[in-house]
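Colleague: Could you take a close look at one turn of this chain, and then follow the connections outward from there into the rest of the fold? I would like the reasoning set out step by step, with the geometry wherever it matters.

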Amino acid sequence: MRQPWTSLTRSGLAAAFGTAARLRHGRPLHTSGLVLDAHLRLHGTPEPWGVPFLDRRMDLPGIARLSRSVGVPPPLPDILGLALRWEQDDTTADLLLATTGRTALGRRLLRPATRWTGLYSSLFPYQAGERRVLLGALLHTPVRLPATLDALAQVVEHGPLTVALLAAAPSGPWRPFGQVRLSAPALEDADYPTRFNPLRHPIAGLPPASWLNDVRDAAYASAQQVPDLPEKSRDLSGVA
């Protein structure tokens, strides 16, 4: 049963995000980003979780969006976002990650950054059978890449970027279970506006856990009622 304070928090965040979305004519956060082709190559974790996405070898085509959250001008630090979408068993799955610290506590706290390189975490846990798991990613770049969209677009035009996919118990060490290759073309939001929602597009076998996910679902739903303009679409099946 949903607690009264949870319902109040849902209502408050939904109203706040809806208002912010209307004022910004679209996303209240992560307003500008670049969409890249993504190829997930999974090999599984050393210790199985009992979930195909974390345990099995898979090759999954998809897309990724990298963005700055608050929108403060570079070179000021900002929360950086990495959103992934792929098709698995004929269903769409979304994963949202943001820059965080690396310790057991730090991985649950957002961390402003000035470079794309670093750790990104799901912040909120997923349910893997009887256990909970956090998902993360470690972005590698061939050069010291400042967190600007222009710099990111220039680098991927010369070759793909590699992202290590990670999984961890809430207080355990990160373990790699795959990689993502991010490659050109780098599309701006005006060319390919895309909304990600991990609550409406969950990963197969990994439902979002905890009341915090219930709260943020209301915020996403309210904000995404306001479309990005202009609205365009692109079929995921066309992503190589």
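Modeller: Asp90 is found in the loop between β3 and β4, and in this predicted model its phi is near 65°, a positive value in a residue other than glycine. Asp89 lies in that loop between β3 and β4 as well, and its phi is positive too, at about 55°, although Asp89 is not a glycine. Such values deserve a second look, since most residues other than glycine have a negative phi. As for their surroundings, Asp90 is exposed, with a relative accessible area of 80%, and Asp89 is likewise exposed, with a relative accessible area of 63%.

The strands on either side give the turn its setting. β3 and β4 form a hairpin with two residues between them. Strand β3 covers residues 80-88 and strand β4 residues 91-99, and the two run antiparallel, joined by eight bridges. Within that ladder, Arg85 has Asp94 of β4 as its bridge partner. β4 also pairs with strand β5 (residues 118-121), again in the antiparallel sense but over two bridges, and here Thr99 has Tyr120 of β5 as its bridge partner.

Going back along the chain from the hairpin, one comes to the loop between β2 and β3, where Pro75 lies. The peptide bond joining Pro74 and Pro75 is cis, with omega about 5°. There is another cis peptide bond from Ala184 to Pro185, with omega near 10°, and Pro185 lies in strand β9. Both deserve a check in any torsion survey, given that most peptide bonds are trans.

The loop between β2 and β3 also takes part in a polar contact: the side chains of Asp78 and Arg68 meet in a salt bridge, at 3.9 Å from N to O. Asp78 lies in that loop and Arg68 in strand β2, so the pair ties together parts that are 10 residues apart in sequence. Asp78 is buried, with a relative accessible area of 2%, and Arg68 is buried as well, at 9%. With a salt-bridge cut-off of 4 Å, the N to O separation of 3.9 Å for this pair falls within the criterion.

The structure holds four salt bridges, and two others among them involve β2. Arg65 forms a salt bridge with Asp189, the closest N and O atoms being 2.9 Å apart; Arg65 lies in strand β2 and Asp189 in the loop between β9 and α4 (211-223), so this pair ties together parts that are 124 residues apart in sequence. Both Arg65 and Asp189 are buried. Arg41 forms a salt bridge with Asp59, where the closest N and O atoms are also 2.9 Å apart; Arg41 lies in strand β1 and Asp59 in strand β2, so the pair ties together parts that are 18 residues apart in sequence. Here the accessibility is another matter, for Arg41 counts as exposed at 53% and Asp59 as partly exposed at 45%.

Strands β1 and β2 come up again around helix α3. The buried residues of α3 (residues 149-156) are Ala151, Leu152, Val155 and Val156. Seen down the axis of α3, these buried residues fall within an arc of 125°, so they line one face of the helix. This is in keeping with helix geometry in general, where residues three or four places apart point the same way. On the other side of α3, Asp150 and Gln154 are exposed. What covers the buried residues of α3 includes β1 (32-42), β2 (58-68), β8 (161-168) and β9 (175-188).

Last comes the nonpolar interior. The largest nonpolar core has 44 residues, of which Phe53, Leu135, Leu182 and Leu206 touch the most other members, and the largest share of this core, five residues, comes from β1. Leu182 shows how such a position draws on separate stretches of the chain: leaving aside its neighbours within four places in sequence, its contacts include Leu36, Asp37, Ala38, Ala64, Leu66, Leu139 and Val163.

Notes. Residues are numbered from 1 along each chain as its sequence is written. This is a predicted model: local features need pLDDT of at least 70, side-chain atom pairs count only at pLDDT 80 or more; totals for chains, interfaces and linings use all residues. Side-chain values use heavy atoms; hydrogens and water are left out. Buried means under 20% relative accessible area, exposed over 50%, partly exposed in between (1.4 Å probe, protein chains only). Helices (H or I, at least four residues) and strands (E, at least two) are DSSP runs, numbered from the N terminus. The arc is that of the directions from the helix axis to the C-beta atoms. Contact means heavy atoms within 4.5 Å. Two strands pair if DSSP finds at least two bridges between them. A nonpolar core is a set of buried Ala, Val, Leu, Ile, Met, Phe, Trp, Tyr and Cys residues joined through side-chain atoms within 4.5 Å.
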